[in-house]
Amino acid sequence: MAVTLRRGTRLVIASHNEGKVREIADLLAPHGIELVSAGKLGLPEPEETGASFAENAALKAVAAARASGLPALADDSGLEVKALGGEPGIHSARWGGAARDFGLAMQRVHRELDASGAKDLTANFTCALALAAPDGEVQGFEDKVFGTIVWPGRGTRGFGYDPIFVPEGYRETFGEMEPELKDSISHRARAFEKLMLAAYDDD
Ligand code: IMP
């Protein structure tokens, strides 16, 4: 059955990425939903074998919901650079290597853009959210934020590729921005708006 979120609902966040979990917690904070972390429940991280953000989000959410017997929310997201044909895309986490070193991943974006000779530095982040019920029914929501890649990176806030991404209409990178501002314009915030519209019942 499709999940309905209400005040007091216990919801598993099917992610082991601290930066994401923090942002998801901030986005859900006003709605009175009780978050349970996948790490605390000892849930394994399934392999991301999907061919899209949406498929990967769905497989993480369904695995966590089935294993815990609770509704689960997963986020699959990443940076898509136009001149790199949309890479790193669904491989965004993997570009950080086993140590998840995003200093190296950002250098690789810079190096590959440099080598391509591209003048077009436009990019976007995409966030796919999947909300799964313990019986495996899953709802998906996706959105993007567009902007430009800058080098060198700036700022120590946020996570992942935030220091090299300037969203359209702003001068600061996501890494320099107040978290509240990022949380009001990001790909994750926009996908969350869709999720809450479809699945939250505040009666
Ligand atoms: P996954 O969805 O857990 O496979 O990994 C997504 C990866 O994309 C993260 O490890 C980050 O490197 C990157 N990413 C996703 N969302 C953001 C964001 O809001 N800011 C910066 N990097 C992000």
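Visitor: How far is an oxygen atom of the ligand from an N or O atom in the side chain of histidine 187?

Guide: Heads-up, this is a predicted model, where local features need pLDDT of at least 70, side-chain atom pairs need 80 or more, and totals for chains, interfaces and linings use all residues. Numbering runs from 1 along each chain as its sequence is written, and side-chain values use heavy atoms, with hydrogens and water left out. The pair you ask about is a polar contact (N or O atoms within 3.5 Å), and the separation is 3.1 Å.

Visitor: Which residue has a backbone N or O atom 3.1 Å from a nitrogen atom of the ligand?

Guide: Glutamate 48 isn't the one, as a polar atom of its side chain lies 3.0 Å from a ligand oxygen. The backbone partner of the ligand nitrogen, at 3.1 Å, is tyrosine 161.

Visitor: Which element gives the largest share of the shell around the ligand?

Guide: Two elements give two or more residues each, S3 and helix H5 (187-199). Helices here are DSSP runs of H or I with at least four residues, strands runs of E with at least two, numbered from the N terminus. The largest share, four residues, comes from S3.

Visitor: Which peptide bond leading into proline 152 is cis?

Guide: Proline 152 sits in the loop between strand S5 (138-149) and strand S6 (165-167). With omega near 0 degrees, the cis bond starts at tryptophan 151.

Visitor: What is the relative accessible area of arginine 100?

Guide: Arginine 100 is in the loop between S3 and H3, and its phi is positive, near 50 degrees. Arginine 100 counts as partly exposed (buried is under 20%, exposed over 50%, 1.4 Å probe, protein chains only), because its relative accessible area is 46%.

Technical notes. A polar contact is a pair of N or O atoms within 3.5 Å; within protein, one must be able to donate a hydrogen and the other to accept it, and residues adjacent in sequence count only if both atoms are side-chain atoms.
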